[in-house]
Amino acid sequence: MSVDDAGPDGPLRAPVLHRRGTLGVIATAATVTGPVLHGLRAAAREQGYEVSVFSVTGHGGAAVMAAVAGLRLQGVAGIIVLDARLVAEMAPVPGIPLIPAAPTGQYDGARRATEHLLALGHPTVWHLGGPEDGPIARARERGWRETLERHGAEIPPVVRGDWSARSGYRAGQSLAVEPGVGAVFSANDHMALGLFAAFAEAGMQVPRDAHVVGFDDVPEAAYFAPPLTTVRQDFVAAGRQTLAVLEARIDGVPAPMRGSVEAELVVRESSRCLRGV
């Protein structure tokens, strides 16, 4: 459901359902099919909740409040916002708790990925970053950059993509002609897949000529050629944490959001072999 589709018979004129045990989720195009929502749905199923998702385009206040109005008409008990930037566009909703989704370890995961590559003996690590205006991409880039700074390593210029394998392929074409590119931290797994293809076309083999680490541990990552070292986040645990806070607030109990859910580095073949072997 999208607020852009809300016409005379759209969600803002839908009958009030007053379903018990239904939680509202406000998502953007970038989060409506992503792992955060998947983990939240899984956690909600465990607790016997239904989930109603309302997708908005952009971050305009009018679109966001229309989403809130649509979810209120569905009688949701509380609202979870997947993109923290949307929270700034929202006014308090009388009678309905509204919270951001629990954070996952974006910075910490990037730190682990970068430290892993440095530990393999690389003097520095290049970064294939996500969109510059995205909070997730910024957090992962900051984790990479500050880790290099702490280790006194040179900070190469960021090569940027849009999360897609195609953008990773284009970035890989530019990285393949840069001298001394021996380690790359890709801000997500799909861009790493495109990077693999571009490196192969340029005659570079991973991990013989370069080590690569991704982020997200998508289901396909273990079957890339070579299997991809990546950062795994427990999105179901994050969903459980989000639900615990929301349930408390539904009951009128103040409940602050705890710290981010820790990330895990999953080491596979793309970073296992020594460079040059």
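**Reading a four-strand sheet and a buried alanine**

This predicted model holds an open sheet of 4 strands, paired in parallel and ordered E6-E5-E7-E8.

Student: What makes E6 and E8 the edges of the sheet?
Tutor: Strand E6 (159-160) and strand E8 (211-213) each have a single partner strand, so one side of each has no neighbour in the sheet.

Student: How do you know that E5 and E6 are paired?
Tutor: Pairing takes at least two bridges. Strand E5 (residues 126-129) is joined to E6 by 2 bridges, and the two run parallel. The threshold is met, so they count as paired. Leucine 128 is the residue opposite valine 159 in E6.

Student: Which helices lie across these strands?
Tutor: Helix H4 (residues 106-119) lies across strand E7 (183-186) and E8, at about 170° to E7. Helix H5 (residues 135-150) lies across E5, E6 and E7, at about 175° to E5.

Student: Why is alanine 171 called buried?
Tutor: Good one! Buried means under 20% relative accessible area. Alanine 171 has 3% relative accessibility, so it counts as buried. Its place is in helix H6 (residues 165-176).

Student: What makes Leu128 and Val159 contacts of alanine 171?
Tutor: Contact means heavy atoms within 4.5 Å. Setting aside neighbours within four places in sequence, alanine 171 is in contact with Leu128 and Val159. Those two residues also stand opposite each other, with valine 159 in E6.

Student: How far from glycine 129 is alanine 171, in sequence and in space?
Tutor: They are 42 residues apart in sequence, and their C-alpha atoms are 9.5 Å apart in space.

Key: Residues numbered from 1 in each chain as written. Predicted model: local features only at pLDDT ≥ 70, side-chain atom pairs only at ≥ 80, totals over all residues. Heavy atoms only, no water. Axes fitted to C-alpha atoms, helices over the stretch in contact; angles between N-to-C directions. Buried < 20%, exposed > 50% of the residue type's maximum accessible area, 1.4 Å probe, protein only.
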